[in-house]
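Visitor: I should be grateful for a close look at one part of this structure, the surroundings of the ligand, together with some of the buried parts of the chain. Please explain it in terms that a first-year student can follow.

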Amino acid sequence: MDIVQLETDGQRAESQGAPNGKLMKFPANFLWGTATSTTQIEGHINNEWTGFVARDGSTCDIACNSYYQYAEDVRWMSKLGVNAYRFGIEWSRLQSEPRGPLNQKELARYADQLDQLNAAGIVPMVVMHHFSNPAWINAIGGWTNSAAIPAFVDYATKLVAALRDRVRFWNTFNEPDTYASCGYLIGEFPPSKKGRLDSFRAVVFNMAEAHEQVCHVIREAGSGLGKVEVGFSKNWTYFLPYRKTSPWDVLMAAAIHSQLNGLVMKRFLGGARKTASTFLGVNYYGRIRFRNLKPLVPTFGFSHEELVRLGVECDDMLERYPVGLESALQQIYQQCQLPIYITEHGSSSSDEAFRERDLRDNLAAVHRAMERGVDIRGFYYWSLLDNFEWQFGYSKKFGLLSVDFKDEQRTRTMKPLAHIYRKVCLDNGMG
Ligand code: BGC
């Protein structure tokens with residue numbers, strides 16, 4: 001499976017929001033959700049992020065305290081009007097040794113969270129792996145070691161058996177490409193290795209094998225709530241040269257695309273694995289363009305003014321490219337022919353008007369892709385809460401709700417964008 005990149009002419013994308021006065025309707029049963037992950041919101045966790053100090057000097061020790069405040073989070077979601085929630089169950093809490101039994105106390109807490117979601121009419125999608133492992137997996141070299149495969153399959157088998165009556169949607173791996181590249185190519189995530197292409201590829205290969213096996217386990221186990229669904233989430237970033245005339249930038253972008261997009265899609269969805277998943281999760285934020293081999297993104301030290309001058313419109317993380325979402329969805333769907341859930345999209349900025357425009361432009365792109373026949377069944381806004389943004393700590397603000405990290409209560413407050421998103425969810429459309 002090879003997915004070709006779009007051509008770019010370096011122009012800034014025009015706003016593509018809903019035409020004036022016309023409501024863009026989405027199909028009945030469309031899932032409108034938000035998304036989070038264990039390490040980023042729960043706090044009180046013991047995995048490789050414990051003790052990791054982010055660039056802003058912070059840690060994930062308490063994060064949003066959702067380990068204790070999950071019931072409050074469910075109430076906020078009801079206020080938001082969402083009907084779906086994608087969140088993690090933390091492997092390191094549940095299994096303290098290879099092939100060990102699941103920790104019943106921790107399992108009961110997650111079961112209660114699931115019961116509260118189901119009772120509130122919020123469909124849970126459970127992520128089994130989102131950038132973290134138990135310490136005993138990290139001790140054997142993490143996912144570079146193929147022994148992680150049977151260990152994960154054993155865990156998943158026990159987890160699914162325990163929760164099959166509460167969960168219909170399972171998401172095996174979140175963004176294997178991000179996890180493997182940040183951990184082994186650019187050294188931004190634990191174990192902070194750089195330039196280890198062999199390790200990067202081993203992680204992808206091993207996760208893809210585990211994904212296939214877990215898909216079969218899940219499909220055999222089924223769900224007490226209806227037809228069981230399983231898939232992984234692919235982060236789709238376009239890697240492109242800023243100028244097509246620059247051979248080094250062209251080469252660099254193509255090489256990264258082939259490893260992070262091409263290889264991952266092929267390993268997870270190619271050959272016999274084509275029929276393992278029942279859906280594909282797509283996480284989409286935008287694009288990264290290279291100029292003189294440097295990525296034109298704020299996190300690489302470019303100032304906002306400089307990027308604007310170059311015609312690169314970014315949030316706090318990377319370049320926005322809503323028109324690209326439509327084409328990405330069309331191309332991906334054409335290749336894999338699986339129903340798609342946009343399992344993450346969002347932006348980080350203190351400018352709520354910018355975030356609203358970004359949301360509208362991306363939803364319009366989703367809608368256009370659907371009109372062109374792409375089977376898209378849901379959209380999950382990243383994120384419910386401002387949270388621990390990995391190497392950047394609490395400095396990036398993706399939340400629909402802000403969190404007061406100075407306050408022990410971690411007080412949550414709806415931001416302006418939350419009201420906009422609420423209306424979209426309740427209208428099942430965008431006006
Ligand atoms: C990850 C999230 C992260 C988000 C924003 C995604 O790649 O799955 O954990 O917070 O992007 O950077």
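Guide: The account below begins with the ligand and then turns to a strand and two charged residues. Please keep in mind that this is a predicted model.

The ligand is surrounded by Gln40, His130, Phe131, Asn174, Glu175, Tyr285, Met317, Glu344, Trp382, Glu389, Trp390 and Phe398. Three side chains may be examined through their N or O atoms. For Glu389, such an atom is 2.5 Å from an oxygen atom of the ligand. For Glu344, the distance to a ligand oxygen is 2.9 Å, and for Trp382 it is 3.2 Å. Taken alone, the ligand exposes 310 Å², and the protein buries 92% of that area.

One of the residues around the ligand, Asn174, leads to the next element. In E6, the bridge partner of Asn174 is Ser233. Strand E5 comprises residues 169–174, and six of its six residues are buried, so the strand is described as mostly covered. E5 pairs with strand E6 (residues 229–241) in the parallel sense, over four bridges. Strand E4 (residues 123–129) also runs parallel to E5, and four bridges join the two. Within that pairing, His129 has Phe173 of E5 as its bridge partner.

The next residue to consider is Asp73, which lies in helix H2, residues 66–80. Asp73 counts as buried because its relative accessibility is 3%, and buried means under 20%. Apart from its neighbours within four places in sequence, Asp73 is in contact with Ile41, Ser66, Leu384, Leu385 and Arg412. With Arg412, the side chain of Asp73 forms a polar contact of 2.9 Å. Leu385 is 312 residues away from Asp73 along the chain, yet their C-alpha atoms are separated by 8.9 Å.

The last residue is Arg93, placed in helix H3, residues 91–94. Its relative accessibility is 11%, and therefore Arg93 also counts as buried. A polar atom of the Arg93 side chain lies 2.9 Å from the backbone oxygen of His44. The side chains of Arg93 and Tyr110 are joined by a polar contact of 3.5 Å. Both His44 and Tyr110 belong to the residues in contact with Arg93 when its neighbours within four places in sequence are left aside. That list also includes Glu42, Gly43, Ile45, Tyr67, Asn103 and Glu106.

Technical notes:
Residues are numbered from 1 along each chain as its sequence is written. This is a predicted model: local features need pLDDT of at least 70, side-chain atom pairs count only at pLDDT 80 or more; totals for chains, interfaces and linings use all residues. Side-chain values use heavy atoms; hydrogens and water are left out. Buried means under 20% relative accessible area, exposed over 50%, partly exposed in between (1.4 Å probe, protein chains only). A polar contact is a pair of N or O atoms within 3.5 Å; within protein, one must be able to donate a hydrogen and the other to accept it, and residues adjacent in sequence count only if both atoms are side-chain atoms. Contact means heavy atoms within 4.5 Å. Two strands pair if DSSP finds at least two bridges between them. A residue is near a molecule or strand if one of its heavy atoms lies within 4 Å of it. Accessible areas come from the Shrake-Rupley method with a 1.4 Å probe; for residues, only the protein chains shown count as cover.
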